[in-house]
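Dear colleague,

I am handing over the structure below, together with an account of what was found in it. Please read the notes alongside the sequence and the model.

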Amino acid sequence: MSEPQTRGAEVLAEGLSRHFGPHRALRDLDVRIAPGESFGLLGANGAGKTTFIRLVTGYLAASAGRVAVDGFCPIAQAREVHARIGFVAETSRLYPDLRVRGFLRFAGAVHGLAGGGLVDAIEKTLARFQLEDVAGRLIGNLSKGYQQRVSLAQAFLHDPPLLIVDEPTGGLDPLQQEEVRHVLGEAAGARTLLICTHDLGEARALTGRVAVLHRGACVALGATDEVLGRGDPLALFRGQAEEAQ
Amino acid sequence: MRPWLALLRKELAVAFGSPMAWLTLAGVGLVTALIFFDHLRIYNQILFLYATTTMGGFETDTVPTYVNLRDQVFLPVMETLALTLVGLVPLVTMRVFAEERSRGTDELLATTLLTPTQIVAGKFAATYLLVALMLALSFIYPASSVVRAGLGMPHLMVVYLGLFALGIALASIGLVCSAFSTHQLVAAVSAYAVAFVLYDFRWTAQFLPDTVAAWIDPLSLHPRFGSFAEGMVRGGDLLYFAGYVLVGFALARFALIQARVR
C-alpha cells in the first residue's frame with residue numbers, strides 16, 4: 001500500500017452513475033479533482049451531491065462508471081481510500097452519549113492512530129478547534145456549533161489528504177457559519193477539499209472550481225468565479241444552463 | 001489500539017451512556033431476586049407443611065425426595081431466567097445497528113479503516129459482553145442455593161454456560177434483526193417474534209404428525225438449554241448455539257454490505 005500524499009489526493013470519476021430503483025440519482029458524471037484543489041459540488045436539494053460523496057467514500061457502490069481516489073477503488077480497495085479520507089457528514093452525525101475526548105479517541109483509533117501519536121493528535125485537534133473546555137462534556141449536551149466543530153475535528157484528526165465535507169454550515173447561525181468557513185479556509189490548499197453545498201457565498205469563499213448538479217446530471221463545470229459569475233447562477237440550480245450564460 | 005477494539009470500547013461506552021443497558025441490568029437483577037425469593041418462599045411453605053402435618057419436625061424420611069432446593073428453587077429459577085433473557089436481550093440488541101443507521105453514524109463508520117467484518121465483530125463482541133454481565137448479576141442467588149443444596153459448583157457452571165449460550169443465540173437473533181432495520185422498535189419487535197418462535201417448538205405438536213414434531217423439537221432453543229440445566233454439556237448443543245453466532249454474524253455482515261448496493 002502506498003502512503004497517502006501530503007499535498008492532497010486526486011479524485012477521479014468517469015461516467016459515474018447511481019440508480020435507486022428507477023430513480024437516477026447521479027447520471028454519467030465525469031470529473032477530476034486535482035491533488036490540493038478546493039472543489040465545490042453545488043446544486044439544489046436532491047441534485048445528487050450527497051450521492052456523489054457517498055460513491056467517493058465507498059458508502060455506496062456505483063451502478064455504472066467508476067470512481068477512484070489516488071487510483072484506488074473505494075469499494076474494492078476501501079482501506080487505501082479510507083486512509084486518505086476525512087469525512088464530515090451533512091448535519092452533525094455524532095454519538096451524543098460519548099464525551100468529546102472519548103469520541104476523538106475512537107475516531108483516531110479507527111483511522112489507525114495509536115499510543116502517543118493518538119494522544120498528541122487529540123490534544124492538537126482539541127486546541128485547533130478550541131474544544132479544550134468541552135473535552136469532558138457529552139456531545140449530546142453541546143450546541144450545534146460545537147457539535148459541528150467536533151465533527152470537523154474528527155475529520156482532521158488523522159491529517160487526511162482528502163477532506164470531504166457535506167453541507168458544512170447547514171443549520172448553523174451566521175457566527176457559527178463564519179467559524180466553520182474559517183476552519184475550512186485554513187484547510188484549503190494543504191489538502192484536497194471536496195465541499196457539497198447549496199450556499200453560493202460559501203462556494204465562492206472556499207472553492208476554486210465547482211460543478212453544478214441538477215437532477216443527477218452535471219450542468220456546469222469550471223472555475224468558481226466563471227460559473228457563478230454568469231448571469232443568474234440560480235438558473236443553474238434549476239438546470240437552465242443557457243439562461244445562466 | 002486496534003480499530004475493532006476501539007469500536008468494541010465505543011459500543012460499550014454508548015451502551016452504558018444510555019439508560020437502556022442500566023435498565024436491562026437492573027431488570028435482570030430484580031427479576032432474578034423476585035423469582036428466587038418467591039420460589040424459596042414456596043419451598044419453605046412446603047417444608048413447613050410437612051413439618052406441621054407430621055408434628056415431628058424435620059425428619060428426613062417425612063419429606064419426599066423431590067422436595068429439595070435443586071428441584072424446587074434452583075432449576076425453576078434457571079428456567080425463568082432463560083425466559084427472562086428472551087424478554088430482555090432484544091432490548092439490548094435493538095439499538096446496536098438500527099440506531100447507527102437512523103442517526104447516520106453508519107456513514108461515519110463506513111469511512112474508517114474498519115472493514116464490515118470488523119464492524120460486525122466489534123458490535124457482536126460488545127453485545128455478548130453485556131449478556132455475560134447480565135448473567136453475572138444474576139449469579140449470586142443461584143450460587144447461594146448451590147451452597148445450601150449441595151449441587152456443586154460444576155453443575156452451576158454448566159447451567160450458566162447454557163444460559164450464556166442461550167443468551168448469545170438470542171443476542172445473535174436480535175443483532176441480525178437490528179442489522180436489517182432502521183428503527184429500533186422494528187428491530188426489537190422482529191427479534192421478539194423470531195426468538196419466541198425459535199424458543200420452543202413444542203406448540204407445533206398440535207398441528208404436525210408426532211414423528212415430524214419429534215424431529216423439529218430439538219431444533220428449538222429450549223430443549224438445548226434444558227440439557228445444560230440438567231448438568232450435561234453435549235457437543236451437539238454447543239455446535240447448535242455456535243451455529244446461531246456464525247449464521248448471525250454472516251447475516252449481519254451481509255446486511256452491511258448489501259446496504260451499499262441496494
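In chain B, 39% of the 262 residues are buried. The model from which this value and those below were computed is a predicted one. Chain B contains 11 helices and 0 strands, so that the sequence reads α-α-α-α-α-α-α-α-α-α-α from start to end. Along the principal axes, the C-alpha trace of chain B extends over about 75 × 45 × 30 Å. Among the contacts in chain B with a separation of 6 or more, 80% join residues 24 or more positions apart.

Helix α1(B) deserves a closer description. Its 15 residues, at 1.5 Å a residue, should span 21 Å, and the C-alpha atoms at its ends are indeed 21 Å apart, so the two values agree. The buried residues of α1(B) are B:P3, B:W4, B:A6, B:L7, B:L8, B:K10, B:E11, B:V14, B:A15 and B:G17. The list includes the charged residues B:K10 and B:E11.

The contact between the two chains involves 21 residues of chain B and 23 residues of chain A. On chain B, at least two residues of this side come from each of α1 (3-17), α4 (105-110) and α11 (235-261). The largest share, 7 residues, is supplied by α1(B). Sorted by class, the side of chain B that touches chain A consists of 11 nonpolar, 6 polar and 4 charged residues.

Chain A is built from 10 helices and 9 strands. Its radius of gyration is 18 Å, close to the 18 Å that the globule rule gives for 245 residues, so chain A is as compact as a globular protein of that length. The C-alpha atoms of chain A fill a box of roughly 55 × 40 × 35 Å along the principal axes. Of the 245 residues, 51% count as buried. Contacts between residues 24 or more positions apart make up 66% of those in chain A with a separation of 6 or more.

One sheet of chain A is open and has 6 strands, in the order β5-β6-β7-β3-β8-β9, with mixed pairing. At its edges stand β5 (85-88) and β9 (217-223) of chain A; each has a single partner strand, so one side of each is left without a neighbour in the sheet. From one strand to the next, the twist of this sheet averages 15°. Within the sheet, strand β3 (residues 38-42) of chain A pairs with strand β8 (residues 209-214) of chain A in the parallel sense, over 4 bridges. A:L42 has A:V212 in β8(A) as its bridge partner.

Two helices lie against this sheet. Helix α5 (residues 144-156) of chain A packs on the sheet and touches β5 and β6 of chain A, with a direction that makes about 170° with that of β5(A). Helix α1 (residues 49-57) of chain A lies across β3, β5, β6 (162-166), β7 (192-197) and β8 of chain A, and runs at about 150° to β6(A).

A further open sheet of chain A has 3 strands in the order β2-β1-β4, with antiparallel pairing. Its edge strands are β2 and β4 (64-69) of chain A, each of which pairs on one side only. The twist here averages 25° from one strand to the next. Strand β1 (residues 11-20) of chain A pairs with strand β2 (residues 23-33) of chain A over 7 bridges, and A:R18 has A:L26 in β2(A) as its bridge partner. These two strands form a hairpin with 2 residues between them, and A:G21 in the turn has a positive phi of about 65°. On the other side, β1(A) and β4(A) pair in the antiparallel sense over 5 bridges, with A:V69 in β4(A) as the bridge partner of A:V11.

Finally, A:G8 is found in the segment before β1 of chain A. A:G8 counts as buried because it has 24 C-beta neighbours inside 10 Å, the cut-off being 20 or more. Apart from neighbours within four places in sequence, A:G8 is in contact with A:P35, A:G36, A:P161, A:L162, A:R191 and A:T192. By contrast, the C-alpha atoms of A:G8 and A:T51, 43 residues apart along the chain, are separated by 22 Å.

With kind regards

Methods
Residues are numbered from 1 along each chain as its sequence is written. Chains are lettered from A and ligands numbered from 1 in the order in which they are written. This is a predicted model: local features need pLDDT of at least 70, side-chain atom pairs count only at pLDDT 80 or more; totals for chains, interfaces and linings use all residues. Two residues are in contact if their C-beta atoms, placed from the backbone, lie within 7 Å. Two strands pair if DSSP finds at least two bridges between them. Axes are lines fitted to C-alpha atoms, for helices over the stretch in contact, and angles run from 0 to 180 degrees between N-to-C directions. The expected span of a helix is 1.5 Å times one less than its number of residues. A residue is buried if 20 or more other C-beta atoms lie within 10 Å of its own, exposed if 12 or fewer, and partly exposed in between; C-beta atoms are placed from the backbone. The radius of gyration is taken over C-alpha atoms; the globule rule is 2.2 Å times the number of residues to the power 0.38.
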